[in-house]
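Dear colleague,

I am passing on a structure that you have not worked with before, and the notes below set out what was found in it. Please read them with the sequence and the model open beside you.

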Amino acid sequence: MTDLKQQIFVAAHPNFFPEKGFELATRLAKVYEKAVCFLGIPNRKDKDINLYEPTFKEWEKQCSEKNPEIQVCSWVLDVDDDFTDKMEHTEASMIIFEITDKAPYNKPMNQLELCRQLRIPYFFVKASQTISFEKVLVPVGMLVEEREKGPFSSSLGRFFQSEILLMPANDYGSRARQNTEAIKTLLDKFDLKYQFIKAEKDSSKVEKEAAKRTTELNANMLMISASREYGMDDIIFGPKELKVIKQATVPVMVINPRADLYTLCG
């Protein structure tokens, strides 16, 4: 692996070139001035372990020729590597998963579980989706860590000139509105474009509502938070972020709750 730090990783398997994932990575890399790295995450049952490196090297060569302005590299993890530790060691900027009809990326729940401890955003994109940052839909719930959507919204607004669509949950209490106001304050600091979208659902369902309304609102990307913990229903039926990713017609950016920044309560 190269000594480069803070790469944008595109998770991949040699059985499928993640064209849309690479497209999203290159858009991000050009603006944030990062390198793009094809990332192999094999396991002991993977029959194609020996194909990762030669396949990725060929992709690396082809993509570098087509995109000379971007540094492209590749890295294949060892089957015994701890994924979270390796991502922290490389100071990864973000990770992109393209959902395909082939294992191991045909079941996004596996990637959600893999990323549970990450401190960086991770994206899910489908081959049919368009890559654009023009309008980013940001549903906001009642939990205090929802305010972490603020710095990421601000970053997209500053670097991509994105318009942020703030969608506070329709709760009886005021915490979702307070969280939204905190994000608004940050956006105002940089004089960024945003508008408020009225939600019909409460905090437990506002992100799923947002996924259904992306077309109506002309949103190009959806930003959501991962669940704090998985309850029994989440284990059996899948967490809300899995349902959002499956339903979404636009790329989904996922942010994990940060217990080190907030006292998680309520």
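**Salt bridges and burial**

Glutamate 60 has a relative accessibility of 16%, and it therefore counts as buried, since the cut-off for that label is under 20%. Please keep in mind that this is a predicted model.

This glutamate 60 is the partner of lysine 57 in a salt bridge, in which the closest N and O atoms lie 3.7 Å apart. Both residues belong to helix α2, which covers residues 49-66, and because they are three residues apart there, about one helical turn separates them.

A second pair joins two helices, for the side chains of lysine 149 and glutamate 207 form a salt bridge with an N to O distance of 3.0 Å. Lysine 149 sits in helix α5 (residues 149-160) and glutamate 207 in helix α7 (residues 206-213), so this contact ties together parts that are 58 residues apart in sequence. Lysine 149 and glutamate 207 are both buried, and they also take part in a network of salt bridges that links them with Glu146 and Lys240.

In a further salt bridge, the side chains of arginine 213 and glutamate 216 meet at 3.1 Å, again taken from N to O. Here the two partners fall into separate classes of accessibility: arginine 213, at 14% relative accessibility, counts as buried, whereas glutamate 216, with a relative accessible area of 53%, is exposed.

The pairs described here are among the twelve salt bridges that the structure holds.

With kind regards

Technical notes. Residues numbered from 1 in each chain as written. Predicted model: local features only at pLDDT ≥ 70, side-chain atom pairs only at ≥ 80, totals over all residues. Heavy atoms only, no water. Salt bridge = Lys/Arg side-chain N within 4 Å of Asp/Glu carboxyl O. Helix = DSSP H or I, 4+ residues; strand = E, 2+ residues; numbered from the N terminus. Buried < 20%, exposed > 50% of the residue type's maximum accessible area, 1.4 Å probe, protein only.
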